[in-house]
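Work through the exercises below with the coordinates open. Try each task before reading its solution.

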Amino acid sequence: MRINKYLAACGVASRRACDKLVADGKVTINGKCAELGAEVNERKDKVAVDGIPVAMQTEHEYYIMNKPKGYVCTVRDDRDRKTVMQLLPEGVGRVYPVGRLDYDTEGLLLFTDDGDLAFRITHPRNEITKTYLAKIEGTIGEKELARLRGGVELDGKRTGKSIVKVIETDKTYTRLHVTVKEGRYHLVRRMFEAVGKEVTFLKRIKIGELTLGSLERGKVRRLRADEVFYLKNL
Ligand code: URA
C-alpha cells in the first residue's frame, strides 16, 4: 500500500496532508526516512510519524457519548438505576465506559473494548488532563481559587495542581473551567467542597484536547480515526 494511503488509513491525516508529512521528512519506515510514493507492507513494516509509531485501525471500537445526568457508569446497577450502557445504540460491540462520571455529572464519556487505551487514559501516572465545566452558587474569591489551583487535601492526600478559570460570574452564580490530571472519586465536587463551595452543575467537556463537538446530550457517535489516533498518542 502507498505510504500516503496507509497513513490516512491509520487516521493520521488526509492523503494529501500525509504526502506533505512525507515530503517534510517526518515519516519513517523501519526507521528510515520515507520517500514520497513509498510502498508499505502493512503487516510487516514499522511506520512512525515524528517518531510516534502508527498502526492501522484494529478491530477495536471507540465511541464518544454526551452523558446526561441521572445515569450510572456501570454495566449493571444494584439499585436499578439507569446505566450509560442503555444509551448505546443497537449493534455496538462489547464496549465499556473509560473511567467514570458521577450519576449527577454529564458530558464526555468514552467507550471502547481497547483495554490498553482505556488503561492509558485512566491511569493517573499518565497525567491525561480532563476539563470540566462547573457551576457553583454565588461568587468565589481569589483565596479559594488559589487553594483549588495549588491542591487541597482530600482523604489525607493532596490533590495535584489544577487549572481553574472563572468563565462567567454574577452575584448569584459562577461558572468555571477546571482542568485536573487525576480521576479520584467525586474529585471536582470534593475540591470545591474543601473550599466551602457546592457544585450545582458539572459537565466534562474535554479529555486532553478531545471535545464533544456538537454531540447532543444523551447521544453517542463513533470516534473518527484522527480522534482515535490523537488519544492513542496522548
Ligand atoms: N469530579 C466529580 O466530582 N465528578 C465527576 O463525575 C468527575 C469529576
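The exercises cover strand pairing, cysteines, charges over rings and a pocket. Keep in mind that the model is predicted.

**Exercise 1. Place strand S12 in its sheet.**

Task: Find which strands pair with S12, in which sense, and over how many bridges.

Solution:
- Step 1. Locate the strand. S12 spans residues 173-180.
- Step 2. Take strand S8, residues 130-137. S8 and S12 pair in the antiparallel sense over eight bridges. For a check on the register, look up Ile-136: its bridge partner in S12 is Thr-174.
- Step 3. Take strand S11, residues 163-169. S11 and S12 are also antiparallel, with six bridges. Here Lys-165 has His-177 of S12 as its bridge partner.
- Step 4. Look at the connection. Three residues lie between S11 and S12, and the two strands form a hairpin.
- Step 5. Check the cover. Six of the eight residues of S12 are buried, so the strand is mostly covered, with buried meaning under 20% relative accessible area.

**Exercise 2. Account for the cysteines.**

Task: How many disulfides does the structure hold? Then test Cys-18 by distance and by burial.

Solution:
- Step 1. The count of disulfides is zero.
- Step 2. For Cys-18, the nearest cysteine sulfur belongs to Cys-10, 8.5 Å away. The cut-off for a disulfide is 2.5 Å, so a pair at that distance does not count.
- Step 3. Compute accessibility. Cys-18 has a relative accessible area of 0% and is buried.
- Step 4. Repeat for Cys-73. Its relative accessibility is 5%, which counts as buried.

**Exercise 3. Search the aromatic rings.**

Task: Which charged side chains sit over the rings of Tyr-103 and Tyr-173?

Solution:
- Step 1. Search for ring pairs. The structure holds zero aromatic pairs.
- Step 2. Turn to charges. The charged end of Arg-81 sits over the ring of Tyr-103, 4.9 Å from the ring centre.
- Step 3. Go to Tyr-173. Lys-135 lies over its face, at 5.1 Å from the ring centre.
- Step 4. Map this contact onto Exercise 1. Lys-135 falls within S8, residues 130-137, and Tyr-173 falls within S12, residues 173-180.

**Exercise 4. Describe the largest pocket.**

Task: What is the volume of the largest pocket, and which residues lie nearest its centre?

Solution:
- Step 1. The volume is about 650 Å³.
- Step 2. The lining has 29 residues. Nearest the centre are Arg-100, Leu-101, Asp-102, Tyr-185 and His-186.
- Step 3. Assign elements. Helix H3 (115-122), S8, helix H5 (187-194) and strand S13 (199-207) each supply at least two lining residues.

How values were computed: Residues numbered from 1 in each chain as written. Predicted model: local features only at pLDDT ≥ 70, side-chain atom pairs only at ≥ 80, totals over all residues. Heavy atoms only, no water. Buried < 20%, exposed > 50% of the residue type's maximum accessible area, 1.4 Å probe, protein only. Helix = DSSP H or I, 4+ residues; strand = E, 2+ residues; numbered from the N terminus. Pairing = 2+ DSSP bridges. Phe/Tyr/Trp six-rings, centres within 6.5 Å; stacked < 30°, edge-to-face > 60°. Lys NZ or Arg CZ within 6 Å of the ring centre and 35° of its normal. 1 Å grid on protein atoms, 1.4 Å probe; cavity = no way out; pocket = protein on both sides within 12 Å on 5 of 7 lines; lining within 4 Å. Points joined across faces, edges and corners; volume = space filled by probe spheres on them.
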